[in-house]
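Open the model in your viewer and show it as a cartoon, with side chains available on demand. The stops below go from one selection to the next.

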Amino acid sequence: MYVSAQPYALKLELDTPIVAYNGALVKGSSSGKVIYEHKMKIETAQEVLDYCREMNYYTQFYTGENCKYKLNTSV
């Protein structure tokens, strides 16, 4: 997550892009300016979430800087 990495970059006084979410977001460490962003289409995200629910898989996804998750409690 960008918000997890940024404090370290600032403490080290680095002015460099932070690559987060497996490359789906690249943001300046000092400026916070979005350099690159690739969001998953809502339809694709819904298909993946539906499948994971059907298979009773643990899910974790992000909306902005917020993490949403569901623990698999049936195992």
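**Stop 1: the largest pocket**

In this predicted model, the largest pocket has a volume of about 840 Å³. Select M40, A45, F61, Y62 and T63: of the 21 residues that line the pocket, these are the closest to its centre. Next, colour α2 (42-54) and β4 (59-63), the elements that give two or more residues to the lining. The largest share, six residues, comes from α2. If you colour the lining of this pocket by residue class, you will find eleven nonpolar, six polar and four charged residues.

**Stop 2: T63**

Stay with T63, which is found in strand β4. Is T63 buried, partly exposed or exposed? Its relative accessibility is 37%, so T63 counts as partly exposed. Now add V3 to the selection and draw a distance between the two C-alpha atoms: T63 and V3 are 60 residues apart along the chain, and these atoms are separated by 13 Å.

**Stop 3: the sheet**

Select β1, β2 and β3. These three strands form an open sheet in the order β1-β2-β3, with antiparallel pairing. β1 and β3 are the edge strands, each pairing on one side only. From one strand to the next, the twist averages 10°. Then show helix α1 (residues 2-11), which packs on the sheet and touches β1 and β2. The direction of α1 makes about 150° with that of β1.

**Stop 4: from β1 to β2**

Zoom in on β1 (residues 17-20) and β2, which pair in the antiparallel sense over four bridges. Two residue pairs are worth labelling here. V19 has V26 of β2 as its bridge partner, and I18 stands opposite K27 in β2. The two strands form a hairpin with four residues between them. In that turn, select Y21, which has a positive phi of about 55°.

**Stop 5: the side chains of β2**

Show the side chains of β2 (residues 25-28). In a regular strand, side chains alternate between the two faces of the sheet. Which residues of β2 point one way, and which the other? L25 and K27 point one way, V26 and G28 the other way, and all are buried.

**Stop 6: from β2 to β3**

Finish with β3 (residues 34-37), which runs antiparallel to β2 and is joined to β2 by three bridges. Label L25 and E37: L25 stands opposite E37 in β3. β2 and β3 form a hairpin with five residues between them. The last residue to select is G32 in this turn, with a positive phi of about 75°.

Note on methods
Residues numbered from 1 in each chain as written. Predicted model: local features only at pLDDT ≥ 70, side-chain atom pairs only at ≥ 80, totals over all residues. Heavy atoms only, no water. 1 Å grid on protein atoms, 1.4 Å probe; cavity = no way out; pocket = protein on both sides within 12 Å on 5 of 7 lines; lining within 4 Å. Points joined across faces, edges and corners; volume = space filled by probe spheres on them. Nonpolar A, V, L, I, M, F, W, Y, C, P; charged D, E, K, R; others polar. Buried < 20%, exposed > 50% of the residue type's maximum accessible area, 1.4 Å probe, protein only. Pairing = 2+ DSSP bridges. Axes fitted to C-alpha atoms, helices over the stretch in contact; angles between N-to-C directions. Contact = heavy atoms within 4.5 Å.
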